[in-house]
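Good morning, colleagues. I should like to take a few minutes to walk through one model with you. Please have the display in view as I speak.

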Amino acid sequence: MYKNGHRGAALVLMAPLTATFGIVGLGMSALAVAVCRLPDLDHDYSWLAHRGPTHTIWFVSAVAGLVSVGSYAGLSMLPVTLPAFPLALLLGATVLLGLLSHLFADALTVGRDTHAIRPFHPLFPHPFRLGLVRADSRLANSLLLAGGVLFQGLAFAISIGGITGAVA
Ligand SMILES: [Zn+2]
């Protein structure tokens, strides 16, 4: 998938969190969108196979783990008392979801041969692909982004409705 498709997929995946946590969920969604294209850094390095090591569960989990550990260390050093552990876990989980959305979005594509996602490689070499659309389909990428924005909007409306419902 391209830029907009990945952003859209992250927005769709994070929508239930926006519906549940309102503005906090929106912030988490923004973070997920910010990191969701990280696996495609393999475009920038010729020695990295595209849709190779950076498109695996291992890479995604390692990045999320590093984010958790790093933010825990950072938050613990702040001069104010913050619930560093749950916050660090929340950040790591958000990054994890953002990166997983990337794998899901790429799995939607035709992705033949070397372009198939193998999320558990080298443990299980099986490709994971639904083959619904071409990665360069403008329509599919635009639809994903539009769907993501729509889902987030609905989710936020639900969260506000939930709050006002609770107050009334
Ligand atoms: Zn990718």
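I will begin with the overall architecture, continue with two helix pairs, and end with the nonpolar core.

Please bear in mind throughout that this is a predicted model. The protein chain contains 5 helices and 0 strands, and its order along the sequence reads α-α-α-α-α. The C-alpha trace extends over about 55 × 40 × 25 Å along its principal axes. Of the 168 residues in the chain, 36% are buried. If we consider contacts with a separation of 6 or more, 66% of them join residues 24 or more positions apart.

Let us turn to the first pair under discussion, α1 and α2. Their axes approach within 8 Å and cross at roughly 160°. At that angle, which is over 145 degrees, α1 is therefore roughly antiparallel to α2. The crossing of these two helices is right-handed. On the α1 side, the contact includes Arg7, Ala10, Leu11, Met14 and Leu17, while α2 contributes, among others, Val24, Leu26, Met28, Ala32 and Val33. By class, the residues of this contact comprise 11 nonpolar, 4 polar and 1 charged.

The next pair is α3, residues 57-77, with α4, residues 84-107. These helices pack at about 155°, and their axes are 8 Å apart. The angle makes α3 and α4 roughly antiparallel to each other, and their crossing is right-handed. From α3 the contributors include Val60, Val63, Ala64, Val67, Tyr72 and Leu75, and from α4 they include Phe85, Leu87, Leu91, Val95, Leu99 and Leu103. How many nonpolar, polar and charged residues does the contact of α3 with α4 have? There are 17 nonpolar and 6 polar residues, and no charged ones.

I come now to the interior. The largest nonpolar core has 34 residues, and those with the most contacts inside it are Ala10, Met14, Ala32 and Leu99. Two or more residues are given to this core by each of α1 (3-21), α2 (23-35), α3, α4 and α5 (138-167). Which element supplies the largest share of this core? That element is α4, with 10 residues.

Finally, I would draw your attention to Ala32. Apart from its neighbours within four places in sequence, Ala32 is in contact with Ala10, Met14, Thr94, Leu97, Gly98 and Ser101. Ala10, Met14 and Ala32 have already appeared in the contact of α1 with α2, and they are also among the residues with the most contacts inside the core.

Thank you for your attention.

Technical notes: Residues numbered from 1 in each chain as written. Predicted model: local features only at pLDDT ≥ 70, side-chain atom pairs only at ≥ 80, totals over all residues. Axes fitted to C-alpha atoms, helices over the stretch in contact; angles between N-to-C directions. Helix = DSSP H or I, 4+ residues; strand = E, 2+ residues; numbered from the N terminus. Parallel < 35°, antiparallel > 145°, perpendicular 65-115°, else oblique. Left-handed = near helix turned anticlockwise from the far one by under 90°. Contact = placed C-beta atoms within 7 Å. Nonpolar A, V, L, I, M, F, W, Y, C, P; charged D, E, K, R; others polar. Core = buried A, V, L, I, M, F, W, Y, C linked by C-beta atoms within 7 Å. Buried ≥ 20, exposed ≤ 12 C-beta atoms within 10 Å, placed from the backbone.
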